[in-house]
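Please read these comments with the model open beside you. They deal with a pocket, a surface patch and two leucines.

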Amino acid sequence: MSSSLDRVRRDPRHFLRLCVHLDCTPDIWALHNWSAWLTPFLRGTTRRFDTAFFLCCLREPPPVYPDLAEVVGYQWSSPSEATESFLSKEIWLPPPQFYEVRRLANFASLSDLHKFCLGRALEGLERWLPIILLTADGMVHLLPGDELYLEDSDFLENLMSTEKKTEEIMKEGKQFHRIVTYHRHLYDIHVTVQPKYKHVYPKNSVVRKSHL
């Protein structure tokens, strides 16, 4: 089996051959398009990713078999548990994953989330490329719809910067769709724009003073 998985990692086209060999059909119909993110430009970054997030609602957690290559460990957490683990530095979440965890926190139950996914199944989604704004004391990930987001190729491949502090930038604006990064385990999400494609945005997630 390990040799088959190695072949799939090297060439995804071997996945179909693996399914034939195992006489199984992946339940792709249970997957729901959730979001898509492109890695923003950062100096020194050698690899960037075009990542699609899919959602699947299951009654029980499925077995997981880490391959010690792409997956080396796993943990099942609710959105609130993942947020607390991130803030307490037990785990680390890149800004897109933190954003998506906070977006899932809008739903009180798995049933509500499943109904929401079915209701917007044909709507599609928008792929996001964050633009990085370096401030005097931090970093802001600007997302489409934010008043400072510039759909200009110069800024998609370069960093924006300002001598102003993050607090000044926040006081000056009104139309927000941004993730404010204070340090590796401290983000704020600010959203005042309306979602597209019948999707949902995170509620404003502002960190508590105890974590500063």
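The points below concern a predicted model and go from the pocket to single residues.

1. The second largest pocket has a volume of about 450 Å³. Its lining is made up of 22 residues. Nearest the centre of this pocket lie Thr-39, Pro-40, Pro-94, Pro-95 and Pro-96.

2. Which elements give two or more residues to the lining of the second largest pocket? They are strand 1 (32-38), strand 2 (50-55), helix 4 (95-104), strand 5 (139-142) and strand 7 (177-183). Helix 4 gives the most, with 3 residues.

3. By residue type, the lining of the second largest pocket holds 13 nonpolar, 7 polar and 2 charged residues.

4. On the surface, a nonpolar patch is formed by Ile-28, Trp-29, Leu-31 and Phe-54. Together these residues have about 490 Å² of accessible area.

5. One member of that patch, Leu-31, sits in the loop between helix 2 (14-22) and strand 1. Is Leu-31 buried or partly exposed? Its relative accessible area is 40%, and a residue counts as partly exposed between the limits of 20% and 50%, so Leu-31 is partly exposed.

6. Leu-129 is also found in a loop, between strand 3 (127-128) and strand 4 (131-134). Leu-129 has a relative accessible area of 14%. Buried means under 20%, so Leu-129 is buried.

7. Leu-129 and Ser-77 are 52 residues apart along the chain. Their C-alpha atoms are separated by 27 Å.

Definitions and conventions
Residues numbered from 1 in each chain as written. Predicted model: local features only at pLDDT ≥ 70, side-chain atom pairs only at ≥ 80, totals over all residues. Heavy atoms only, no water. 1 Å grid on protein atoms, 1.4 Å probe; cavity = no way out; pocket = protein on both sides within 12 Å on 5 of 7 lines; lining within 4 Å. Points joined across faces, edges and corners; volume = space filled by probe spheres on them. Helix = DSSP H or I, 4+ residues; strand = E, 2+ residues; numbered from the N terminus. Nonpolar A, V, L, I, M, F, W, Y, C, P; charged D, E, K, R; others polar. Patch = residues over 30% accessible without salt bridge, like charges linked within 9 Å, V, L, I, M, F, W, Y side chains within 5 Å. Areas by Shrake-Rupley, 256 points an atom, 1.4 Å probe, with all protein chains shown as cover. Salt bridge = Lys/Arg side-chain N within 4 Å of Asp/Glu carboxyl O. Buried < 20%, exposed > 50% of the residue type's maximum accessible area, 1.4 Å probe, protein only.
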